[in-house]
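Let's take a look at the empty spaces in a protein model. Keep the 3D view open while you read.

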Amino acid sequence: MKRSAVAVSSNVILTGVLLMLLGDFLFALNDAMGKWLVASFAVGQVLVIRSVGAFIVLGPMIVRQGTRQLFNVEQKGQQVMRVVMTTCDVSLFYAAVAYLPLADVMTFYMAGPIYVAALSHFFLGEKIGWRRWLAVFIGFAGVVVALRPSSAMLSLPSLFGLTGSLAFALTLVMNRSLRATSDTTLVTWQTIAALIAGIILSIGHWRQATLLDYSGMLLLGVVASCAHLLITRSLKLAPASLLAPLQYTLLIWAIVLGMIFFDDVPDMQILIGAAIIVVAGLFIFHRKNLRDTITPDAVPPDGH
């Protein structure tokens, strides 16, 4: 009986790991598709159609949950701020990948958990020991290396990626204090905000597109929503401390897809910066896991 229970538990955890890996791949695929689309269309236009596509997945979930729950939320001020941050996150991400290799932008976003560790100390009152503070500073050093300390460090696309990753980190921090809000509600409002932002940004920049182009933009929203749901489900099946390091496979996929579809080969400086960020991030997860159970919303990127 005990062996059977252990086997079932192992299978559940394995399912969680596989769902996380699949979700990460779908997010990387979503990012590559987004880079391909923003090369021909304005970020605003892509956001509009992408948001419509997301509701193909979200629609049945909203019906099942009930629309009333969308408005019955806690801490409304913080909910609005979170929506603003998620909108900045996705908009700046697409603006960055329009000009930079996918692996470069993903490197900036991989630093998200490092920012979270620092921000949690100031905004959530979480105690961070000297070892994790050291890892935070090392992670920041990795970001500087990836930014290339030169005139290029202040290039607009690099600033888009860096600012977007900070907005993403602030979103994760706010997620911690909004745990009572359902995932459907959180994703619905951030999708509505992205739709509104897209409409504003696309004024005067809307271009004629083929059926294939519009299908790609709709698919962008479907893929991102499915990836988000897969990762959310995986966190319910396996410990976040086990799953968190798997999120760094996003960087691997970004490099592979960038090379296959865009002939982007990351230079040594990006690879060194990415390695420093990954090592620092894994150490932060390790130290937090030693002290406490890591919360699901503390994992790296869960949706662009």
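Here is a short tour of a pocket, a cavity and a loop residue in this predicted model.

Start with the second largest pocket, which holds about 190 Å³ of space. Its lining is made of Met61, Arg64, Gln65, Ser182, Asp183, Thr184, Leu229, Thr232, Arg233 and Lys236. Which helices supply at least two residues each to this lining? They are helix 2 (43-65), helix 9 (183-202) and helix 10 (211-237). Helix 10 gives the most, with four residues.

Now for the cavities. Searching the whole structure turns up three of 30 Å³ or more. Around the second largest cavity you'll find Val57, Leu58, Met61, Asp183, Thr184, Val187, Ser225, His228 and Leu229. Helix 2, helix 9 and helix 10 are the elements giving two or more residues to that lining.

Here are the two spaces side by side:

| Space | Volume | Nonpolar lining residues | Polar lining residues | Charged lining residues |
|---|---|---|---|---|
| Second largest pocket | about 190 Å³ | two | four | four |
| Second largest cavity | about 50 Å³ | five | three | one |

Finally, hop over to Ser40, which sits in the loop between helix 1 (2-38) and helix 2. Is Ser40 buried, exposed or partly exposed? Its relative accessible area is 35%, and because that value lies between the 20% and 50% cut-offs, Ser40 counts as partly exposed. Try finding Arg207 as well: Ser40 and Arg207 are 167 residues apart in sequence, and their C-alpha atoms are 8.9 Å apart in space.

Note on methods
Residues numbered from 1 in each chain as written. Predicted model: local features only at pLDDT ≥ 70, side-chain atom pairs only at ≥ 80, totals over all residues. Heavy atoms only, no water. 1 Å grid on protein atoms, 1.4 Å probe; cavity = no way out; pocket = protein on both sides within 12 Å on 5 of 7 lines; lining within 4 Å. Points joined across faces, edges and corners; volume = space filled by probe spheres on them. Nonpolar A, V, L, I, M, F, W, Y, C, P; charged D, E, K, R; others polar. Buried < 20%, exposed > 50% of the residue type's maximum accessible area, 1.4 Å probe, protein only.
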